[in-house]
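Morning, everyone. Let me put the structure up and walk through it.

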Number of protein chains: 2
Amino acid sequence: MPTPEDVEEAAIVLAKFLTPTPLQRSRALSDATGCDVHLKLETIQPIRTFKVRGGLYKLSHLSPEARSAGVITASAGNHGLGVAYAAAAFQVGATVYVPVTANQHKVEAIQRLGANVVPAGANYAEANAAALRAQFESGATFVHAYDDTHVIAGQGTIALELLRDLEDIDTVLVGIGGGGLIGGIGMYLKETRPQIKVVGVEPNGADAMYRSLQAGAIVTLDRVNTIADGLAASAPGLMTFDLARRYVDEVLLVDEEEMLRAIRLLLESEHLLAEPAGAAALAALMFRYRPAPNERVVVILSGANVSSEVLLRALQ
Amino acid sequence: MPTPEDVEEAAIVLAKFLTPTPLQRSRALSDATGCDVHLKLETIQPIRTFKVRGGLYKLSHLSPEARSAGVITASAGNHGLGVAYAAAAFQVGATVYVPVTANQHKVEAIQRLGANVVPAGANYAEANAAALRAQFESGATFVHAYDDTHVIAGQGTIALELLRDLEDIDTVLVGIGGGGLIGGIGMYLKETRPQIKVVGVEPNGADAMYRSLQAGAIVTLDRVNTIADGLAASAPGLMTFDLARRYVDEVLLVDEEEMLRAIRLLLESEHLLAEPAGAAALAALMFRYRPAPNERVVVILSGANVSSEVLLRALQ
């Protein structure tokens with residue numbers, strides 16, 4: 001399990017590769033909600049997702065031998081981009097297994113970062129199984145998308161930046177997919193400023209963490225159904241579930257329409273681009289969360305890898 | 001006329017208010033153009049436009065008496081936002097004259113920054129005349145959108161950031177409206193690194209600087225017609241024309257369709273939002289400029305204040 005010291009060490013490693021992302025107060029959203037809204041722009045990370053943090057910190061911990069054996073993962077989305085980016089930064093070979101149905105734009109973006117893309121299987125689970133088999137045979141390091149101490153510590157560096165940039169934060173709203181982002185952020189915040197409320201947000205079509213917390217044990221969904229591909233995990237990990245139990249105050253659910261409306265609101269009133277997963281936390285603030293007057297709320301805009309099709313749906 | 005020393009002083013002043021904007025290499029655009037493309041993201045300035053730089057530096061030079069008399073300007077767009085933002089930062093009263101036809105979203109954004117908005121006249125010229133009359137009567141300081149030493153020096157701080165962040169720049173592509181942005185950037189670059197090529201970009205429906213440079217004297221257009229409201233100036237200023245003559249290597253013209261295609265390309269391949277004026281420099285790189293192989297080109301994405309209507313046009 002990651003500790004605050006891991007996050008602080010991760011921040012030192014990441015400083016060699018990344019600039020801290022801006023935290024900007026939104027006058028328009030503060031007026032609209034009656035609270036004090038600050039947006040954390042992970043949307044402008046080099047690959048437009050916070051995943052670059054965990055990927056870089058994970059790869060920084062590989063031994064020279066492990067580096068020459070390369071890394072392997074399965075993902076057709078932001079995690080694949082994060083691993084490919086980090087592998088390029090450390091000059092490590094990367095192989096990313098993707099389902100044969102993967103979006104071609106995303107496949108090209110992963111290839112452009114220098115990773116070897118292997119189409120395998122009809123869905124994520126099958127691609128993941130193929131990646132695990134290949135990992136076993138090749139000796140490459142498998143990089144899990146969220147259930148990994150270093151990955152979680154890397155994502156947690158966001159919390160460190162928040163505390164440095166803004167005083168008296170009351171609440172932080174964070175999307176939940178597998179739980180790596182909220183695990184890292186929640187752990188760091190609660191261990192250092194326990195009075196800050198940590199609120200998770202899931203799409204109602206991918207509510208594995210919500211159900212798991214209710215059940216008191218990991219629940220695996222038969223299927224997930226959401227436009228927020230960045231949050232479409234069928235189950236939390238062992239580590240991320242444990243972190244959420246300890247450090248997350250509540251989980252709110254949002255529907256597809258609410259995420260699309262949040263994307264539109266960000267475009268129209270803040271001129272910011274976000275993907276559905278990135279806008280989910282704002283959707284929760286607008287439509288589900290009841291802030292106190294002047295409550296100081298940070299909304300993590302986790303990424304901006306959105307397709308034209310989804311943008312058109314949001315704007316029409 | 002601003003000097004490199006003015007730009008360096010402006011950078012010190014701005015550091016109290018703004019974080020330098022990212023300069024990011026684009027793999028996708030480098031692949032597409034065969035050169036080495038770097039994007040300067042003025043699109044994520046707090047008010048989504050570089051104008052905040054000139055506004056802040058201008059207001060930092062007001063005497064205590066001038067500050068208490070307030071500032072006045074005419075604009076229904078990014079300059080109005082820049083002056084309002086700077087006035088709020090320095091706790092100076094600001095009055096912004098806008099044509100009665102001004103976009104309501106933009107008017108609200110200016111008001112939200114605390115400025116007093118006065119609708120006056122059917123177009124920009126009439127609003128400007130009203131602002132000048134009011135300035136004469138009130139003793140407030142009139143802030144010109146571009147033909148002002150401090151405004152130009154403020155915009156020039158972009159060049160200083162470019163030189164600090166990237167070595168061996170060959171070429172910088174910059175949109176031209178009134179010419180304040182390219183005036184500041186071009187002057188600083190050419191005075192410190194004369195080998196860097198400075199290329200201006202205008203919409204073919206607002207080509208006042210292009211025509212003025214061809215004529216060797218300021219040409220005022222009877223009408224401007226472009227979706228790039230950020231570049232819709234009918235004439236360069238005395239100072240900006242002189243700076244362009246000295247420091248701009250060439251001016252390229254782009255059409256409306258090219259700017260819309262550049263907006264779409266930025267969204268789809270870089271997941272970045274830009275307004276037409278902000279995408280004009282990229283449009284020139286894609287469709288008009290002939291870079292040498294591996295030429296290191298910086299594209300200034302000057303702003304992101306784009307309406308849903310224009311975004312829909314770009315995406316459809």
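I'll take confidence, then symmetry, then the contact, then the core.

This is a predicted model: local features need pLDDT of at least 70, side-chain atom pairs count only at pLDDT 80 or more, and totals for chains, interfaces and linings use all residues. Residues are numbered from 1 along each chain as its sequence is written, and chains are lettered from A in the order in which they are written.

Confidence. The mean pLDDT (the predictor's confidence in each residue, from 0 to 100) of chain A is 96. In chain A, 100% of residues reach 70 or more. The model has ipTM 0.95 and pTM 0.96.

Symmetry. A turn of 180 degrees, with a shift of 0.0 Å along the axis, lays chain A on chain B at an RMSD of 0.0 Å. The fit is least squares on C-alpha atoms of residues with pLDDT of at least 70 in both copies. That is the relation of a two-fold axis. In chain A, the C-alpha of A:L273 is nearest the axis, at 3.1 Å.

Now the contact. Two residues count if their C-beta atoms, placed from the backbone, lie within 7 Å. Chain A gives 23 residues and chain B gives 23 residues. On the chain A side, α14(A) supplies the largest share, four residues. Helices here are DSSP runs of H or I, at least four residues, numbered from the N terminus.

Last, the packing around one core residue. Which residues does A:V172 touch, leaving aside neighbours within four places in sequence? They are A:L162, A:I185, A:L189, A:I196, A:V198, A:V199, A:V298 and A:I300.

Terms used. Helices (H or I, at least four residues) and strands (E, at least two) are DSSP runs, numbered from the N terminus.
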